Amino acid sequence: MVIDGRIERIDVDSAGILATTGAGVGSTEAAIGAMFPGRVSVEPHPYDPPPNYHDLIVESELASDSMFGMVFETDGKLVYQYRAGRKPAVLAMEGCS
């Protein structure tokens, strides 16, 4: 996602494109929690009803990077897509069309 000529967010929906921690499409919810201990909040997916679909929102561990984050969308078990970038763009459900 580009806003005012600046890359604000990257969306990934294919296996094999991994974050530096090794997280990616196909990772389990438990693995995401283990990779980012104490930094993951679980929210119901806005378009798919609980208890199945979740958004795992990962906050940066550094206060100086508090404007950055990641969101892993899951089917309740496995990540099917994720995004990383600056807030508020990374928290927006919709991407560029």
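Select Arg9 first; in this predicted model Arg9 sits in strand β3, which spans residues 9-12. The relative accessible area of Arg9 is 2%, and buried means under 20%, so Arg9 counts as buried. Add Asp11 to the selection and show both side chains: the side chain of Arg9 makes a polar contact with that of Asp11, at 2.8 Å.

Next, select the largest nonpolar core. It holds 12 residues: Val12, Ala19, Ala23, Val25, Ile32, Phe36, Leu56, Val58, Met70, Phe72, Val79 and Tyr82. Colour the strands by element here, as β5, β6 and β7 (79-86) each supply at least two residues of this core.

Stay in the core and centre on Ala23. Leaving aside neighbours within four places in sequence, Ala23 is in contact with Ile17, Leu18, Ile32, Met35, Phe36, Phe72 and Tyr82. Of these contacts, Ile32, Phe36, Phe72 and Tyr82 are also listed in the largest nonpolar core.

Now move to the largest pocket, whose volume is about 210 Å³. Its lining has 15 residues, and those closest to the pocket centre are Phe36, Arg39, Ser60, Gly69 and Met70. Two elements give two or more residues to this lining: β5 (54-59) and β6 (68-74). Which element gives the most to the lining? Select β6, which gives three residues.

Colour the pocket lining by residue class to finish: seven residues are nonpolar, four are polar and four are charged. Phe36 and Met70 are worth keeping selected for this last view, since they belong to the largest nonpolar core and are also among the lining residues closest to the pocket centre.

Terms used
Residues are numbered from 1 along each chain as its sequence is written. This is a predicted model: local features need pLDDT of at least 70, side-chain atom pairs count only at pLDDT 80 or more; totals for chains, interfaces and linings use all residues. Side-chain values use heavy atoms; hydrogens and water are left out. On a 1 Å grid over the protein atoms alone, a cavity is a set of points where a 1.4 Å probe fits but cannot get out, and a pocket is an open set with protein on both sides within 12 Å along at least five of seven lines; lining residues have an atom within 4 Å of a point. Grid points are joined across faces, edges and corners, and a volume is the space filled by probe spheres set on the points. Helices (H or I, at least four residues) and strands (E, at least two) are DSSP runs, numbered from the N terminus. Ala, Val, Leu, Ile, Met, Phe, Trp, Tyr, Cys and Pro count as nonpolar, Asp, Glu, Lys and Arg as charged, and the others, Gly among them, as polar. A nonpolar core is a set of buried Ala, Val, Leu, Ile, Met, Phe, Trp, Tyr and Cys residues joined through side-chain atoms within 4.5 Å. Buried means under 20% relative accessible area, exposed over 50%, partly exposed in between (1.4 Å probe, protein chains only). Contact means heavy atoms within 4.5 Å. A polar contact is a pair of N or O atoms within 3.5 Å; within protein, one must be able to donate a hydrogen and the other to accept it, and residues adjacent in sequence count only if both atoms are side-chain atoms.
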